[in-house]
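The following exercises concern an enclosed space and a sheet. Please work through each task before reading its solution.

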Amino acid sequence: MVSRADVIGAYRLFLDREPESEQVVEDHILHPTIQDLHRTFLNSDEFKARSEISFKPFDWPPITVQVETSGPELQAMFDMVNRQWTQLGQEDPYFSVIGDPNYRGTEVSDELRDTFYETGRYEMDRLISFLARSGIALTPDMTCFELGCGLGRVTRWLAEHFRQVQAADISGAHLAMAEQALRRAGVSNVTLIRLANIETIRTIRNFDVFFSVIVLQHNPPPVMAAILRSILENLNPGGVGYFQLQTYGLDYEFRVDSYLAEHTEGPVIEMHVLPQEAVLDIIYDTGCKLLEVREDGQGGATNGISQTFVVRKAGVARKAGGVGKTH
Ligand SMILES: C[S@@+](CC[C@H](N)C(=O)[O-])C[C@H]1O[C@@H](n2cnc3c(N)ncnc32)[C@H](O)[C@@H]1O
């Protein structure tokens, strides 16, 4: 038999989505081996249909993305993200995180809620695997900063592996639910931080590991770039960054002036792109080294490329709370 994390992982890897129901998860758990599970996904019509679109990126054209802008424009875009996600958190908190129609509305059954939080364990396992490939082992004296913790889906698992977690989100509505979830799980080593403006991010310091998944991609490219730069600048010497974002979108284009002029308010989940070259510039400018970058299928779009980056900050890790290497 395979685990539920294996099944949820296969949905994300092969179909780029969450399981549509508890029943399908239960059905797939009956596969005798992981190989068998993966074969089923590879042979499914849905995977084949997706592959026709998403596995032809080689001849995709260049895209135009404005990454630099002025401070006031940056804050104006940050405020738009803030309003969008606060409204999403008030109306559709679970759905806004997991994108599964079963999670519409503010209330879900205890069973669905447990399943929701269980999916976060998979993200923790991925973090550990990625770091292991670079010879890095987490140790309990280390500290973590999570950007965009949402409802605390991954935070509660991060809390098991770190001495202290600073978990930040732009939406007070999401944070209020994260606080309840952490209390229910008996977690007491997480500090929740509301990011009301770009300046607040610059004040977050003293973390050995930076973690962020399915967050940056919801911010206009200049905001993504400014946030990432700030966080990597503040990462402890010898610390590690693990983050996911979209680096390409077919037909994606971004210009600050047209975005500000055409933006409409509402609870919309926007998807944005920060080109890989811009991400690499930030990594190098902040004194980090790229350890691994992978296409991860997490962006949610079939015509885009989502990537997970693992980077290490130059310098010697602090003795207590440093990043341990296994070799
Ligand atoms: C799709 S949810 C993912 C939540 C969490 N990372 C997870 O995987 O469960 C995106 C979260 O990112 C938050 N977010 C979006 N932009 C942000 C920003 N610039 N700073 C902090 N949080 C942000 C949203 O409020 C929301 O809670």
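**Exercise 1.** Determine how many cavities of 30 Å³ or more the structure holds, and where the largest cavity lies with respect to domain 1 and domain 2.

**Solution.** This is a predicted model, in which local features need pLDDT of at least 70, side-chain atom pairs count only at pLDDT 80 or more, and totals for chains, interfaces and linings use all residues. Residues are numbered from 1 along each chain as its sequence is written, and side-chain values use heavy atoms, with hydrogens and water left out.

Step 1. The structure holds 1 cavity of 30 Å³ or more (on a 1 Å grid over the protein atoms alone, a set of points where a 1.4 Å probe fits but cannot get out; lining residues have an atom within 4 Å of a point).

Step 2. The largest cavity contains about 100 Å³ of space.

Step 3. Its lining comprises 14 residues, with P19, E22, D100, Y103 and T115 nearest the centre. Helix 7 (110-133) contributes the most, 4 residues (helices are DSSP runs of H or I, at least four residues; strands are runs of E, at least two).

Step 4. Because domain 1 (4-55) and domain 2 (71-325) both give residues to the lining, the largest cavity lies between them (domain bounds come from an automatic or database domain assignment).

**Exercise 2.** State in which order the 7 strands form the open sheet, and which strands stand at its edges.

**Solution.** Step 1. The order is 4-3-2-5-6-8-7, with mixed pairing (two strands pair if DSSP finds at least two bridges between them).

Step 2. Strand 4 (190-194) and strand 7 (288-295) are at the edges; each has a single partner strand, so one side of each lacks a neighbour in the sheet.

Methods. 1 Å grid on protein atoms, 1.4 Å probe; cavity = no way out; pocket = protein on both sides within 12 Å on 5 of 7 lines; lining within 4 Å. Points joined across faces, edges and corners; volume = space filled by probe spheres on them.
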